[in-house]
Amino acid sequence: MIENDNPYDLLAVENDDHRWAFGTGFTDPLAGVDVTIPDGVDAAALAQYCLMLGDDALILSHRLQQWIARLPELEEETAVANIALDLLGQARMLLARAAAADPALGADEDRLAFFRSEGQFRNVRLVERADADFAELVGRLLVFSAWRLALFEHLVGGADQVLAAIAAKGVNELAYHRDYAGQWVIRLGDGTELSRERMRRALTVIWPLVPELFAIHQVEQRLPGVAADAASLRPAFDAVLDQVLAAAGLHRPDAAPLAAIRNRQGRDGVHTEALGYVLAELQAVARAHPDATW
Amino acid sequence: MVTATAWAVAAGTPDPELPMLTVADLGILRDVEQEGNAVVVTITPTYSGCPALPEIAADLRHRLGTAGFAPVEVRTRLAPAWTSDWITADGRRKLEQAGIAPPGPATRRTGPVPLTLLTGPTSGPTVTCPQCGSRLTTRTAQFGATACKALYRCENCHEPFEYVKEI
């Protein structure tokens with residue numbers, strides 16, 4: 001038996017596999033998983049739907065990662081890093097499933113993450129903005145996690161086994177994320193005058209982006225029995241927000257929804273300016289050296 | 001029996017982050033089968049973003065290859081989702097010996113996940129201190145150095161320790 005003091009040494013074993021320098025494609029998150037599309041399910045729509053859910057997680061994970069080394073406490077560093085990691089893992093599996101369902105979109109998760117342009121991303125606009133302060137961080141995370149948890153709870157019983165499995169894995173993680181964010185919203189809302197004001201202001205910034213989460217999209221309509229009906233998630237979401245806001249002594253802001261552009265929003269590839277900055281940071285190096293290997 | 005030996009070799013693979021535990025102790029190793037002339041090992045990730053899975057896969061291939069089993073294929077199985085309930089009694093004992101509190105039973109529920117909002121020293125599950133055995137422990141952080149662990153402090157012996165969260 002060979003003893004390895006450092007299990008990571010094994011990754012440096014010399015072989016002929018040249019790995020692409022910027023991605024994670026040498027470890028397929030769906031290796032060996034049966035990715036056959038179930039009978040009667042629209043493959044192209046399923047791929048788009050996986051992109052939608054994957055992009056949500058990918059972009060928010062990036063925004064969370066930008067907070068690392070800037071958070072007020074070490075415990076928040078580990079929390080936000082782990083939440084970002086959970087979301088990145090969900091994004092990888094979803095993007096890999098999208099590529100498997102419709103290879104015309106992109107060969108694999110790396111092509112999809114690093115080489116799509118802004119108009120090809122399918123995330124909701126909620127995840128694009130950079131948080132101005134910690135209150136916005138936890139406020140947006142609460143809204144996102146409560147929504148995504150309700151959505152994933154619905155997907156667990158869906159007809160696509162792979163999506164159902166990804167959702168089953170994600171449900172427990174999202175519950176931890178939601179509870180973490182909710183506890184902070186309460187602490188800030190039910191805190192000092194300053195923390196309450198910062199939390200109140202954060203909610204007014206976040207709230208215009210909430211209605212988009214529950215807008216039914218035509219991709220979802222092409223996936224009966226697989227996709228969740230976005231509008232049906234609203235009661236579960238409201239129940240959670242009501243509970244948290246009541247404990248925090250805060251109210252739902254009176255904010256008009258962020259307008260669509262000719263009826264098109266994030267799910268249609270129409271994004272806010274903020275997404276450009278995320279993609280510039282995420283993609284710039286890979287695009288500059290697209291064939292680099294190591 | 002080829003498969004039984006292959007299982008034994010695979011089951012001896014340590015977890016890179018918790019090297020006192022093997023992938024069998026953690027319930028990550030799901031299956032070892034012969035398919036044609038290849039040995040197929042099936043593993044299940046603990047958390048969606050768990051970064052240890054590639055290392056575990058590489059280590060499995062290396063150990064099985066060295067033991068004479070080749071070719072080796074490592075497959076991921078996502079469903080049923082990994083739960084901390086799959087950590088064996090042996091695994092829990094080893095965690096405790098290493099000063100990490102093992103998880104309690106993961107709650108199985110059928111409906112939506114209830115919101116946990118209690119904050120302060122009483123929040124989080126009651127965990128026994130692996131050093132002194134006291135139940136007077138406080139959660140200091142919901143997340144630790146890895147996604148699977150939380151940080152606690154014992155109010156009796158004042159030692160900090162990690163706790164594997166139930167999921």
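The legends below describe close-up views of a predicted model with chains A and B.

**View 1. The interface between chain B and chain A.**
In this view, 43 residues of chain B are in contact with 47 residues of chain A. Together the two chains bury about 3,700 Å² between them, and carbon and sulfur atoms give 62% of that area. On the side of chain B, the residues that lose the most area to chain A are Ser48(B), Leu78(B) and Phe143(B), which together account for 19% of what that side buries. The rule finds zero salt bridges across this interface, but nine residue pairs are in polar contact, with both residues at pLDDT 80 or more.

**View 2. The elements of chain B that touch chain A.**
Three elements of chain B give two or more residues to the side that touches chain A: α3 (53-66), β3 (72-76) and β5 (137-141). Of these, α3(B) gives the most, with seven residues. Sorted by class, this side of chain B has 21 nonpolar, 13 polar and nine charged residues.

**View 3. The four-stranded sheet of chain B.**
Four strands of chain B form an open sheet in the order β4-β7-β6-β5, and their pairing is mixed. The edges are β4 (100-101) and β5 of chain B, each of which pairs on one side only. Strands of a sheet pair through backbone hydrogen bonds, in either the parallel or the antiparallel sense. β5(B) and β6(B) (residues 149-154) run antiparallel and are joined by four bridges. Along this pair, Thr138(B) stands opposite Arg153(B) of β6(B), and Ala141(B) has Leu151(B) of β6(B) as its bridge partner. Edge strand β5(B) is also among the elements that give two or more residues to the side touching chain A.

**View 4. The hairpin of β6(B) and β7(B).**
β6(B) pairs with β7(B) (residues 160-164) in the antiparallel sense, over five bridges. One of the partnerships is that of Ala150(B) with Tyr163(B) in β7(B). Five residues lie between the two strands of this hairpin, and His158(B) in the turn has a positive phi of about 65°. Most residues other than glycine have a negative phi.

**View 5. Two cis peptide bonds in chain B.**
Where are the prolines Pro71(B) and Pro80(B) placed? Pro71(B) is in the loop between α3 and β3 of chain B, and the peptide bond that joins Ala70(B) to Pro71(B) is cis, with omega about -5°. Pro80(B) is in the loop between β3 and α4 (89-97) of chain B. The bond from Ala79(B) to Pro80(B) is also cis, with omega near -5°. Most peptide bonds are trans.

**View 6. The fold of chain A and the loop at Arg262(A).**
Chain A has nine helices and zero strands. The C-alpha trace of chain A spans about 60 × 50 × 40 Å along its principal axes. A compact globule of 294 residues would have a radius of gyration near 19 Å, so the 20 Å of chain A agrees with that expectation. Within chain A, Arg262(A) is found in the loop between α8 (234-248) and α9 (273-288). Although Arg262(A) is not a glycine, its phi is positive, at about 50°.

How values were computed
Residues are numbered from 1 along each chain as its sequence is written. Chains are lettered from A and ligands numbered from 1 in the order in which they are written. This is a predicted model: local features need pLDDT of at least 70, side-chain atom pairs count only at pLDDT 80 or more; totals for chains, interfaces and linings use all residues. Side-chain values use heavy atoms; hydrogens and water are left out. Contact means heavy atoms within 4.5 Å. Buried area is the accessible area (1.4 Å probe) that two parts lose on being put together, summed over both. A salt bridge is a side-chain nitrogen of Lys or Arg within 4 Å of a carboxyl oxygen of Asp or Glu. A polar contact is a pair of N or O atoms within 3.5 Å; within protein, one must be able to donate a hydrogen and the other to accept it, and residues adjacent in sequence count only if both atoms are side-chain atoms. Ala, Val, Leu, Ile, Met, Phe, Trp, Tyr, Cys and Pro count as nonpolar, Asp, Glu, Lys and Arg as charged, and the others, Gly among them, as polar. Two strands pair if DSSP finds at least two bridges between them. The radius of gyration is taken over C-alpha atoms; the globule rule is 2.2 Å times the number of residues to the power 0.38.
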